[in-house]
Amino acid sequence: MFRNSIRTRLMALVLLASVIPSGISVTFSYLYTKQSVTEQSVKQNTKLLTLGETNLSNYFSGMNQRAMSLYSGINVPGSFYTALLIAKSPDKVPAGSTVSDNRAIISTQLYNMFLSDQNTYQIHLFVRAPKQSNMLRGGLFRQEMNNQYTAAVNPSGTNRPFVEVTHMDHKYGVKSGFLNLKSGTVPVFTAHFPIYRTPSDEVLADLAIDFRLTELEGIARSMYNSDTERLYVLNEQGQALFASDPQWIGKTFASGWSKLPEGKELGHFTWTKDGFKGIVMFRHIDNPLFKGSIIKLVPYEDLYGDARIITRINTGIGIVFLILGGIMAVLISIGFTRPIKKLISFTQKVQIGQLDAFVDVEREDEFGLLTRKITGMTRTINNLIVKEYRLEIANKTNQLKALQAQVNPHFLYNALQSIGSSSLRYNAPQVYELIYSLGSMMRYSMNTERTQVPLQDEIEHVKNYMVLQTERFGEDNLRLDIDIEEVVRDIVVPKMILQPIVENIFKHGFVDGISRGVISITCFQEANRQLVIVIQDNGKGITPARLEEIIASLETSDKTEQGEIGLSNVLARLRLQISGEAQLLLQGEAGKGVVVTMIIPLDEDNRAL
């Protein structure tokens with residue numbers, strides 16, 4: 001009777017019509033949610049790892065930039081770099097000579113580097129020539145001979161800067177003690193920087209900076225959930241710079257998931273071996289100081305836990321809706337449309353330009369989250385617009401300052417021109433000529449936009465310089481002879497290569513006074529396509545021993561005096577801007593002056609290579 005009842009059939013039909021679609025819906029919802037959660041997790045973690053890689057690269061780049069600052073005094077006597085250049089082994093110091101004391105220079109430089117990063121634990125500088133260790137730790141500086149020290153070797157086999165993975169601190173073989181500081185108690189990672197004798201690849205010193213893990217751990221923690229996920233930062237050799245499990249820090253990984261696919265900068269893959277089931281996400285790090293990868297392990301149970309919870313919630317909601325669907329339809333409709341209307345009203349305000357509009361959020365469900373996200377997005381857009389306006393104003397301010405900075409040189413040129421014109425009105429042509437020469441020299445030397453000029457411009461610059469020197473020493477005591485072939489006048493050469501050499505003649509060749517001094521400049525082109533510039537003087541000359549010393553310093557870039565720095569600067573710029581085959585030759589004898597010869601290779605069109 002009940003089996004054939006319409007009510008029974010209708011109830012069965014309603015139940016089947018409700019249960020079957022609900023079951024199918026819950027099943028597909030679970031599968032879709034599972035896939036969606038996986039894709040969202042991959043996207044989110046990809047962004048996290050990308051941001052973490054950027055932060056790590058910036059962190060390492062900052063270390064590298066601070067280390068590069070050691071080269072800032074490359075041509076400055078008394079600088080840190082010059083102290084390394086002139087450092088010599090005590091065994092090679094001639095009898096009766098003393099070894100220069102570089103303690104103050106090195107300690108000051110190391111203190112500055114120590115204070116530039118609050119995570120710096122200690123700094124060790126090993127100067128190779130005297131086998132000298134310089135250690136800065138806890139604000140204390142120690143310097144001593146260290147014959148047993150051996151510089152750390154880059155695992156990649158190159159002689160380049162690198163990061164040594166996390167280890168316990170040590171004293172680098174330094175025997176001097178540090179009060180209240182014990183070695184082997186603090187985990188650190190070390191950045192190693194060889195300091196070269198530029199432009200060669202000879203290493204003058206080895207710089208090692210130990211860093212605490214505070215900053216590194218902070219960057220790493222921003223990339224993973226410490227309760228359920230695992231994160232590792234490995235170098236190319238598989239050694240852990242950071243590991244979420246502290247016992248693996250500094251050790252080498254051999255797990256299968258640590259062997260990442262080749263040729264991919266970032267990606268993910270599933271893994272169900274070695275006691276782990278889940279998704280392995282990775283991002284390579286390619287920084288001059290550190291090359292390796294970030295690996296994050298996300299277990300399935302954590303990844304799909306939310307999907308299971310959502311499925312149960314959907315099932316419960318489905319059952320409730322089966323019972324109360326008819327009654328709650330209107331209420332749910334009203335409840336659903338209310339926040340939508342608020343959002344519509346809010347978007348209308350935004351549409352007319354009220355980016356600072358606000359909507360009250362009373363709900364804690366998806367609509368409340370959506371409302372907060374949209375209002376937050378609008379607030380962010382408003383802040384970005386304000387920021388762009390501020391950046392535009394800052395750019396305009398910088399442009400104004402740049403224009404103002406250009407006024408001063410022009411003011412000097414105009415002032416000199418006015419003074420020169422006044423000298424002509426008062427019948428002082430010689431004063432005008434001197435002012436004109438000085439103004440031309442200033443304009444030529446202060447024009448930073450031109451790094452290469454025609455040879456004729458260089459000759460004119462030297463003439464202006466000699467006009468001032470002739471006025472100083474007298475026309476009877478100083479003469480400039482110039483012999484230049486017409487074919488070489490337009491050849492482009494580096495700027496300021498002649499005047500420094502002529503200036504050296506006054507500093508060294510005529511240092512004892514000038515009487516009938518002659519400086520000659522000869523420029524011609526040889527048959528083998530070479531521009532030859534010969535600068536000769538009749539000054540006091542140079543001894544054979546001193547000449548040999550200067551020639552050797554030019555080849556090794558070992559500069560200790562201002563004159564040698566000027567010659568080396570000219571040679572370096574010739575080789576950097578023109579050709580590595582450019583030459584600077586010196587000849588001279590005591591009492592017979594000095595001859596400086598520049599040889600610059602030319603191409604088929606008579607242009608400097």
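**Exercise 1. Determine which residues lie on the face of helix 11 turned away from its buried side, and describe the opposite face.**

Step 1. In this predicted model, the face of helix 11 turned away from the buried side carries the exposed residues P544, A545, E548 and E555.

Step 2. The buried residues of helix 11 are L547, I550, S553 and L554. Viewed down the helix axis, the buried residues fall within an arc of 125°, so they line one face of helix 11.

Step 3. The extent of the helix completes the description. Helix 11 comprises 13 residues, 544–556. From first C-alpha to last, helix 11 reaches 19 Å, which is close to the 18 Å expected at 1.5 Å a residue.

**Exercise 2. Establish which parts of the chain are linked by the salt bridge between R283 and E53, and decide whether each partner is buried or exposed.**

Step 1. Side chains of opposite charge can pair when their charged atoms come close. For R283 and E53, the closest N and O atoms are 3.7 Å apart.

Step 2. R283 belongs to strand 10 (residues 278–286) and E53 to helix 1 (residues 6–68). The pair thus links distant parts of the chain, 230 residues apart.

Step 3. Buried means under 20% relative accessible area. R283 counts as buried because its relative accessibility is 10%. E53, at 11%, also counts as buried.

Step 4. The pair has a further partner: E53, E265 and R283 are linked in a network of salt bridges.

**Exercise 3. Locate D206 and R128 in the chain and classify the accessibility of each.**

Step 1. D206 and R128 form a salt bridge in which the closest N and O atoms are 2.7 Å apart.

Step 2. D206 lies in strand 6 (residues 203–212), whereas R128 lies in the loop between strand 1 (120–127) and strand 2 (132–137), so the pair ties together parts that are 78 residues apart in sequence.

Step 3. D206 is buried, because its relative accessible area is 9%. R128 is partly exposed, with a relative accessible area of 36%.

**Exercise 4. State the N to O distance in the salt bridge of R489 and E486, and classify both residues by accessibility.**

Step 1. The side chains of R489 and E486 meet in a salt bridge at 3.0 Å, N to O.

Step 2. The cut-off for an exposed residue is over 50%. E486 therefore counts as exposed, at 60% relative accessibility. R489, with a relative accessible area of 21%, is partly exposed.

Step 3. To place these pairs in context, a search of the whole structure finds 15 salt bridges.

How values were computed:
Residues are numbered from 1 along each chain as its sequence is written. This is a predicted model: local features need pLDDT of at least 70, side-chain atom pairs count only at pLDDT 80 or more; totals for chains, interfaces and linings use all residues. Side-chain values use heavy atoms; hydrogens and water are left out. Helices (H or I, at least four residues) and strands (E, at least two) are DSSP runs, numbered from the N terminus. The expected span of a helix is 1.5 Å times one less than its number of residues. Buried means under 20% relative accessible area, exposed over 50%, partly exposed in between (1.4 Å probe, protein chains only). The arc is that of the directions from the helix axis to the C-beta atoms. A salt bridge is a side-chain nitrogen of Lys or Arg within 4 Å of a carboxyl oxygen of Asp or Glu.
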